[in-house]
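Please open the structure in your viewer and keep the selection panel at hand. The tour below moves from whole chains to single residues, naming at each stop what to select.

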Amino acid sequence: MTTENLITIKNLKKTHIKGKQALNIFHDLNMHIQTGNFIAIMGPSGSGKTTMLNMLGGIDKPTSGEIYFKEDRIDNLSENELTQFRAMHVGFIFQFYNLMPMLTAYNNVELPLLLTDLSKEDKIKKIKTALEIVNLSDRESHYPRELSGGQMQRVAIARAIVSNPDILLCDEPTGDLDRETANEILGVLKLLNEELNKTIIMVTHDPEAARYSKLTLHLDKGEFNQKELS
Amino acid sequence: MGHLSQQTLAIININIRSIKNRLGLSISTIFSVALVVGVLLCFLAMSKGFEKTLEGSGSEDVAVILRSGSMSELNSVITLEQARIIESGPGIRQWQGKPMISKESYIVVDAIKKSSNTPANIPLRGIDKMGEIIRENISIVKGKMFTPGTNEIVVGQALLNNFKGFGLNSQVKLGNATWEVVGIFSSPGTVFESELWADINVVQSFFKRSGIFQTIRVKMKKPADVKKLDEYSKNDPRLKLDTKSEKDFYLEQANASSDLIFYLGWPLSILMSIGSLAGAINTMYNSVVSRTREIITLRVIGFNATATFFGTIIESLFLTSIGATIGVSCAYLLFDGLTTSTLSGNFTQVVFSFKMTFKLFIKAIYLSLGIGIVGGLMPALRAARMPLVKINSF
């Protein structure tokens, strides 16, 4: 397994402007995230966990500093370039699944593949495989309303991995689930990391969830716990 | 990256399948567009039908002569002396050694409309044999032509269908006299079908118009001779008359009346469109707001803003197209060929049929598409510009 630097952050600064007040979320942050890592980011509300996830996923931009994905700088990309970047390299998993209620599980998983030039046969194969990985092959024709919370999150995971992205960004993926179901979902994420070498960054409040990761970073006042940085 | 069309299609699929979540608003938008399209088509078809009827009434080689300045036959007066001078004019076709000139009187009489049971003005035209010969497309479909010198009348088919009491062999009181309907004549799609015809001498006698005519129709050798006759008339100080081709005469009348219908129809439709537009905007904003989570999710996973924009516009067009289809269908089923009558330039009723044409449908569809695009524009921009960082708010 390769352990190259997947993401590099240099002198990152993020400031939120609220009225006349400037709130510094990050100030001069530097870090590396290696391929195949499974990182849990914890910290109090407002500490910048989600902001960090958004910047890594090309949803938000830093106030200053640089973010590199492999060798390529992504913080200065245009909106269209960031859209392409997300489609090609990033899989997202959200707390409330964010499935399309009017589409079946199969069609939800298919969505990222509509952004590719794959043939119909290849698309079908990939969708079936993704649903198999999350153990939902028998639910492909079900609508989200016909699925449990855990099953919906599995569909969301299948959607996130179907286009084989380099990194999975998970924002409180178990925040809406009971303990048992949460553990199942975390098990799936761990499997994706260990068996398929998927790089995963997970924001969570749940110390139990963080135990599934290889590395837990505590974020407070805009700084990570330095000891745990890789 | 997948094609824009593929992304747009996916978004359209999601948008349209979620319409059932906003059924009430969507139906009200569809209904309002259907109403706008229906009303517009109704006016345009009325205008077109009226125009067609009057346009179809005129021949290019028949000159219509009226008193100078008269806008209609009703307020024209031509003396017998003037009529005789016209007989010597240039370019007049001959029939059995006689100039083809029809001296006609035009009287307004009352009749009861079948549709509303209310009185309305209809024209009684006094003609002689030449008046019938000049009008080539006239045929008696029931009964016979009136006998000269009697108080017999023949009735236009359209008039018969729309006014009470003119059936064959009926006795009709017009002015101070009683007339007998002896024939029904047809002249499809022309204004003449909205008229009663009787012998000129009898009409002049009963209505005290002896020696006076309202109009003279002259059959010319060729269409260009109409101008020659006009020049002849203008050069003779005894003739203060206007001469124009019958086609031009009815065309001018058609334009005046159909313009009125047309210019009433469009502003009314545009006013209604504004209301419909407000409905469409409201529906589409509601659509975008209710799908904020889905829209942002799609954008986050890599769908581009342009696809989101077009997806919303096309959803709006989809709704307005349904409305347009319903409006066009209803207008066609209810109004195409519907016969009605309205006041013409002669202050008498002209019977005409609503005329739906492909061009009118296209105009109505353009209007509905306009509502769809304008109604969807702002919501679509909003959808395309949603801040992605809100993804974590759901």
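Select chain A and colour it by accessibility: buried residues (under 20% relative accessible area, with exposed meaning over 50% and partly exposed in between, for a 1.4 Å probe and protein chains only) make up 55% of its 230 residues. This is a predicted model, in which local features need pLDDT of at least 70 and side-chain atom pairs count only at pLDDT 80 or more, while totals for chains, interfaces and linings use all residues. Residues are numbered from 1 along each chain as its sequence is written, chains are lettered from A and ligands numbered from 1 in the order in which they are written, and side-chain values use heavy atoms, with hydrogens and water left out.

Switch chain A to a cartoon, where seven helices and 10 strands appear; these are DSSP runs numbered from the N terminus, helices being H or I with at least four residues and strands E with at least two. Chain A has a radius of gyration of 18 Å, close to the 17 Å that the globule rule gives for 230 residues, so it is as compact as a globular protein of that length. That radius is taken over C-alpha atoms, and the rule is 2.2 Å times the number of residues to the power 0.38. The C-alpha trace of chain A spans about 50 × 40 × 40 Å along its principal axes.

Next, select Thr174(A), which sits in the loop between strand E7 (167–171) and helix H6 (179–196) of chain A. Is Thr174(A) buried or exposed? Its relative accessibility is 6%, and therefore Thr174(A) counts as buried. Show its contacts (heavy atoms within 4.5 Å): leaving aside neighbours within four places in sequence, Thr174(A) meets Ala182(A), Ile185(A), Leu186(A), Asp206(A) and Ala209(A).

Now move to chain B, which contains 11 helices and 16 strands. Colour separately its domain 1 (4–55 + 253–393) and domain 2 (69–239), whose bounds come from an automatic or database domain assignment. The centres of domain 1 of chain B and domain 2 of chain B, taken over C-alpha atoms, are 47 Å apart. The radius of gyration of chain B is 30 Å, whereas a compact globule of 394 residues would have one near 21 Å, and its C-alpha trace spans about 95 × 45 × 30 Å along the principal axes. Of the 394 residues of chain B, 52% count as buried.

Within chain B, select helix H2 (residues 23–55), where Val33(B) is placed. Val33(B) counts as buried because its relative accessibility is 0%. Not counting residues up to four places away in sequence, Val33(B) touches Ser276(B), Thr320(B), Gly323(B), Ala324(B), Ser368(B) and Ile371(B). A distance label from Val33(B) to Ser57(B), 24 residues apart along the chain, should read 36 Å between C-alpha atoms.

Which residues does Ala324(B) touch in turn? With residues up to four places away in sequence not counted, they are Val33(B), Val37(B) and Ser368(B). Ala324(B) belongs to helix H10 (residues 305–335) of chain B, and it counts as buried because its relative accessibility is 3%. For a last distance, pick Ala324(B) and Asn162(B): these residues are 162 apart along the chain, and their C-alpha atoms are separated by 31 Å.
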